[in-house]
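Work through the exercises below with the structure at hand, and try each task before you read its solution.

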Amino acid sequence: MDDRPVVLADDTTRAWSPRTARARFREGLAIPTAGVAAGYAQANLVSVPADWAYDMLLFCQRNPRACPLLDVTDAGSTSTVLASDADLRTDLPRYRVWEGGELVDEPTDVRAYWRDDLVSFLIGCSFTFEWALAAAGVPLRHVEQGRNVPMYRTTWQCRSAGRLSGPMVVSMRPVPPEHLDDAIRESGLMPAVHGAPVHCGDPSALGVDDLDRPDFGDRVELAPDDIPVFWACGVTPQAAVMASRPPFALTHAPGRMFVGDARDEQFRVL
């Protein structure tokens, strides 16, 4: 259940349609999705029993930078408005299964774990604004290095909601100083997928001691002048699951997202 460095999207997977990507994931392909089906929006997933759904809904509403909601399903539904033909039990590359806040499995298919009382939350993903960063000339070091984006638990506590509480998780992308304004501006125009960074520079301000030891994802090498830039991350609900210990939950595996049918630019503020 580790997060080993892997080869990310190549020219073939970048050119896939969302439907093709979902079909390949349904067949068992478990790669991270940065760059897959380039130009199409991605989403984080968390599914909880119906008696925890209001707490999760309130948690997302109270922490919109980390948990910008794109869709909430009916109890037991395996579909989403983000892709009419999708099955949320099979169409992500890899899942995580949680029992009492403990990670018990990381399958590529959760039909065996599915429950009719599960309510699923689809949360905006920062992979969606990476096209805008790249178009503005901002290098994406994790993509260059064939690695999953690094993610860190911070000491910044989210606003609690009912039984749910926990720390904010952030993703980190190294940005050269000359591109920092571009990175802030371009991501800030997409608030539905986390928006602008929550912090730039010294990671200790977030309670992060060592950038080489991410809590999720992979270590990424910084160029000599790079500034670490941190965005609120949709893995935050997983940190809340670990901290609050609901009896059961399903989530995506970090960096292995749901690929929807909406174009990235649909989430850009004009």
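**Exercise 1.** Find which strands helix H6 lies across, and then place these strands in their sheet.

*Solution.* In this predicted model, begin with helix H6, residues 180-188, which lies across S7, S8 and S9 and runs at about 10° to S9. Next, follow the open sheet of 4 strands, whose order is S6-S7-S9-S8 and whose pairing is antiparallel. Strand S6 (151-157) and strand S8 (199-200) stand at the edges with a single partner strand each, so one side of each has no neighbour in the sheet. Then turn to strand S7 (residues 167-175), which is joined to strand S9 (residues 227-232) by 6 bridges, and where Arg 173 stands opposite Val 229 in S9. Finally, look at helix H7 (residues 236-244), which lies across S6 and S7 and runs at about 145° to S7.

**Exercise 2.** Describe how domain 1 and domain 2 meet, and name the side chains that form a salt bridge.

*Solution.* First, take the bounds from the domain assignment, which gives domain 1 as 11-122 + 246-267 and domain 2 as 127-232. Second, consider the extent of the meeting: 27 residues of domain 1 are in contact with 28 residues of domain 2, and the two domains bury about 2400 Å² between them, 62% of it on carbon and sulfur atoms. Third, turn to the polar side of the interface, where 1 salt bridge is counted and 9 residue pairs are in polar contact. The side chains of Arg 163 and Asp 55 meet in a salt bridge, at 2.8 Å from N to O. Last, ask which element gives the most to the side of domain 1 that touches domain 2; the answer is H3, with 7 residues.

Key: Residues are numbered from 1 along each chain as its sequence is written. This is a predicted model: local features need pLDDT of at least 70, side-chain atom pairs count only at pLDDT 80 or more; totals for chains, interfaces and linings use all residues. Side-chain values use heavy atoms; hydrogens and water are left out. Two strands pair if DSSP finds at least two bridges between them. Helices (H or I, at least four residues) and strands (E, at least two) are DSSP runs, numbered from the N terminus. Contact means heavy atoms within 4.5 Å. Axes are lines fitted to C-alpha atoms, for helices over the stretch in contact, and angles run from 0 to 180 degrees between N-to-C directions. Domain bounds come from an automatic or database domain assignment. Buried area is the accessible area (1.4 Å probe) that two parts lose on being put together, summed over both. A salt bridge is a side-chain nitrogen of Lys or Arg within 4 Å of a carboxyl oxygen of Asp or Glu. A polar contact is a pair of N or O atoms within 3.5 Å; within protein, one must be able to donate a hydrogen and the other to accept it, and residues adjacent in sequence count only if both atoms are side-chain atoms.
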